[in-house]
Amino acid sequence: MSKQITVPFGPQHPVLPEPIHLDLVLEDETVVDVIPSIGYIHRGFEKLVEKREFTDYVYIAERTCGICSFVHGATYCQGIEQIMKIDVPERAQYLRVIWSEYSRLHSHLLWLGLFADSFGFENLFMNAWKIREDILDVMEQTTGGRVIQGSCKVGGVRRDISDEKLDAMAKDLDRIDRDMKELTTVFLQDSSIQHRLRNVGVISRGDAYHLGAVGPTARGSGVAIDTRKLGYGAYDRLNVQVVTESCGDCYSRCAVRAKELFTSTDLIRQAVKKIPDGPIDIKVTGAPDGEYFMRAEQPRGELVHYLKGNGTKFLVRSRIRTPTLTNIPPLIKMLQGCELADVPVIVLSIDPCISCTER
Amino acid sequence: MAFFEMVKTALKTVVKRPVTILYPAQAAKKTPISRGHVVFDGNKCISCSICQRKCPSQAIVLNKEAKSWQINRFRCVVCNSCVDICPSKCLFMDTQYTAPAMAKGVDTFTITYVKPAKPE
């Protein structure tokens with residue numbers, strides 16, 4: 001046995017968008033063990049719930065994450081609505097689905113770009129972000145914000161989208177689909193990318209399941225779990241297709257996300273076709289008294305908001321469990337046995353969002 | 001498996017115009033509902049202080065005695081809730097961002113609203 005040495009990876013590293021620290025235990029060039037540590041950007045959001053009215057906390061819940069902000073806001077609102085037994089108007093539920101799927105498109109395109117950057121494909125990175133800009137433009141036109149939408153509220157949504165705009169959005173998706181097809185063909189078929197990603201960071205189906213992998217990380221190993229299948233919001237009226245791959249390597253996780261772009265555009269088209277006319281919000285009176293676990297599908301996997309109220313305007317407890325936290329144990333498993341040079345690609349393949357994780 | 005899959009896309013972008021804009025020389029893309037910064041109109045403010053209570057980031061301070069309305073732009077998260085809630089419609093959302101500042105501070109405005117006299 002050769003001598004073991006420990007090499008620190010992060011919290012500041014060119015490939016990491018956010019700080020996570022990994023101590024890599026190496027034998028020659030092979031990683032034998034990994035000790036992760038987080039806690040660099042804790043902001044105390046969960047404590048803040050005691051000091052802000054539950055209706056105002058939506059804006060803070062949204063700021064948990066800079067990429068999947070809309071999903072955080074919507075999940076929080078749905079949790080409160082479940083406690084208070086509020087029947088949200090149909091149109092608001094469909095609008096939430098449309099914005100959630102646009103968030104997913106923008107998050108996956110951002111990740112595909114960062115992933116291309118992690119293995120040194122700068123041109124592909126720029127092309128992915130070029131398409132992402134079209135998605136952000138639609139977000140700004142419909143909600144007023146590019147990244148932090150602020151369009152969700154307890155009891156519905158704050159803004160409506162006109163039927164003409166919805167039709168224009170659906171039409172524009174055809175062009176975006178064509179651009180994304182061109183982009184994903186490179187990711188899925190280019191020989192240099194396949195050489196870099198095939199059989200790198202492999203995690204078996206059983207390990208992914210038992211270590212609690214969620215989202216594209218689990219689906220890349222063949223575990224067909226998708227919280228949208230639970231049918232929260234308007235998802236029960238739409239046909240949600242779960243994309244899975246069987247190999248469990250970095251290529252599979254990339255392929256799942258690349259293919260999910262098209263399921264998202266399909267869901268938006270379905271929602272635009274089915275969206276009914278009617279009010280977009282309902283007046284909320286009273287305060288939440290009770291507790292609820294709200295689960296929703298973030299771009300990275302299953303998100304859980306636990307909310308507890310005591311009948312006053314201030315909640316007693318909020319607990320957010322984000323997908324990146326549950327994807328860290330599978331990440332450790334993936335890294336054991338890999339080469340040191342593959343570590344950046346494998347770390348990025350779970351789409352780590354550390355701001356979410358630490359809140 | 002394909003080789004040189006990226007070449008087609010790369011060649012297409014060579015002949016096209018750049019997709020980026022030369023900000024700030026060229027104005028950034030804005031829509032009529034873009035949230036830039038909050039604008040205050042002192043002529044209409046009735047000093048109800050609902051904006052102060054509803055502000056999730058506690059950026060607004062209204063002082064009835066001093067007749068002043070303050071906003072801390074560094075705390076403001078531009079959520080639009082004060083604009084939505086204002087009963088006298090004295091708050092508006094401008095589509096442009098505020099200019100970069102050299103020092104932290106608050107913007108103070110004077111409330112000049114005069115309550116109309118009751119008809120005899």
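The following exchange concerns a predicted model of two chains, A and B, and the reasons for the terms applied to it.

Me: What makes chain A as compact as a globular protein of its length?

Reply: Chain A has 13 helices and eight strands. Its radius of gyration is 20 Å, and the globule rule gives 21 Å for 359 residues; the two values are close, so chain A is as compact as a globular protein of that length. The C-alpha trace of chain A spans about 70 × 45 × 30 Å along its principal axes. Of the 359 residues, 52% count as buried.

Me: How does the radius of gyration of chain B stand against that of a compact globule?

Reply: For 120 residues a compact globule would have a radius of gyration near 14 Å, whereas chain B has 22 Å. Along the principal axes, the C-alpha trace of chain B spans about 85 × 35 × 30 Å. Buried residues make up 19% of the 120 in chain B. The chain contains three helices and five strands, in the order α-β-α-β-β-α-β-β along the sequence.

Me: What share of the contacts with a separation of 6 or more joins residues 24 or more positions apart, in chain A and in chain B?

Reply: In chain A such pairs account for 70% of those contacts. In chain B the share is 74%.

Me: Which residue classes make up the side of chain B that touches chain A?

Reply: The contact takes 18 residues from chain B and 21 residues from chain A. On the side of chain B there are ten nonpolar, four polar and four charged residues.

Me: Why is Gly79(A) called buried or exposed?

Reply: Gly79(A) is found in helix H3 of chain A. Burial requires 20 or more other C-beta atoms within 10 Å; Gly79(A) has 27 such neighbours and therefore counts as buried. Leaving aside residues up to four places away in sequence, Gly79(A) touches Tyr292(A), Met294(A), His305(A) and Leu307(A). By contrast, the C-alpha atoms of Gly79(A) and Phe187(A), 108 residues apart along the chain, are separated by 37 Å.

Me: What makes helix H3(A) mostly covered, and how does its span compare with the expected one?

Reply: Of the 16 residues of H3(A), 13 are buried, and on that count the helix is mostly covered. H3(A) reaches 23 Å from its first C-alpha to its last, close to the 22 Å expected at 1.5 Å a residue. Just after the helix, Lys85(A) takes a positive phi of about 55 degrees.

Me: How do H3(A) and H4(A) pack, and which residues make the contact?

Reply: Helix H3 (residues 69-84) and helix H4 (residues 90-118) of chain A pack at an angle of about 145 degrees, with axes 8 Å apart. Their crossing is left-handed. H3(A) contributes Phe70(A), Val71(A) and Ala74(A), while H4(A) contributes Arg96(A), Trp99(A), Ser100(A) and Ser103(A). These contact residues comprise four nonpolar, two polar and one charged.

Me: Why is Gly311(A) called buried or exposed?

Reply: A residue is exposed if 12 or fewer other C-beta atoms lie within 10 Å. Gly311(A) has 10, and so it is exposed. Gly311(A) lies in the loop between strand S7 (301-310) and strand S8 (315-321) of chain A. Excluding residues up to four places away in sequence, Gly311(A) touches Ala287(A) and Asp289(A). Its C-alpha atom is separated by 42 Å from that of Leu348(A), 37 residues apart along the chain.

Me: Why does Gln58(B) count as partly exposed?

Reply: The term applies between the limits of 12 or fewer neighbours, for exposed, and 20 or more, for buried. Gln58(B) has 14 C-beta neighbours inside 10 Å and therefore counts as partly exposed. Gln58(B) is placed in the loop between helix H2 (50-54) and strand S2 (60-63) of chain B. Its phi is near 50 degrees, a positive value in a residue other than glycine.

Me: How do you know whether Val78(B) is buried or exposed?

Reply: With 24 C-beta neighbours inside 10 Å, Val78(B) meets the limit of 20 or more, so it counts as buried. Val78(B) is found in the loop between strand S3 (68-71) and helix H3 (81-85) of chain B. Although Val78(B) is not a glycine, its phi is positive, at about 50 degrees.

Technical notes. Residues are numbered from 1 along each chain as its sequence is written. Chains are lettered from A and ligands numbered from 1 in the order in which they are written. This is a predicted model: local features need pLDDT of at least 70, side-chain atom pairs count only at pLDDT 80 or more; totals for chains, interfaces and linings use all residues. Axes are lines fitted to C-alpha atoms, for helices over the stretch in contact, and angles run from 0 to 180 degrees between N-to-C directions. Helices (H or I, at least four residues) and strands (E, at least two) are DSSP runs, numbered from the N terminus. A crossing is left-handed if the near helix is turned anticlockwise from the far one by less than a right angle, and right-handed if clockwise. Two residues are in contact if their C-beta atoms, placed from the backbone, lie within 7 Å. Ala, Val, Leu, Ile, Met, Phe, Trp, Tyr, Cys and Pro count as nonpolar, Asp, Glu, Lys and Arg as charged, and the others, Gly among them, as polar. The radius of gyration is taken over C-alpha atoms; the globule rule is 2.2 Å times the number of residues to the power 0.38. The expected span of a helix is 1.5 Å times one less than its number of residues.
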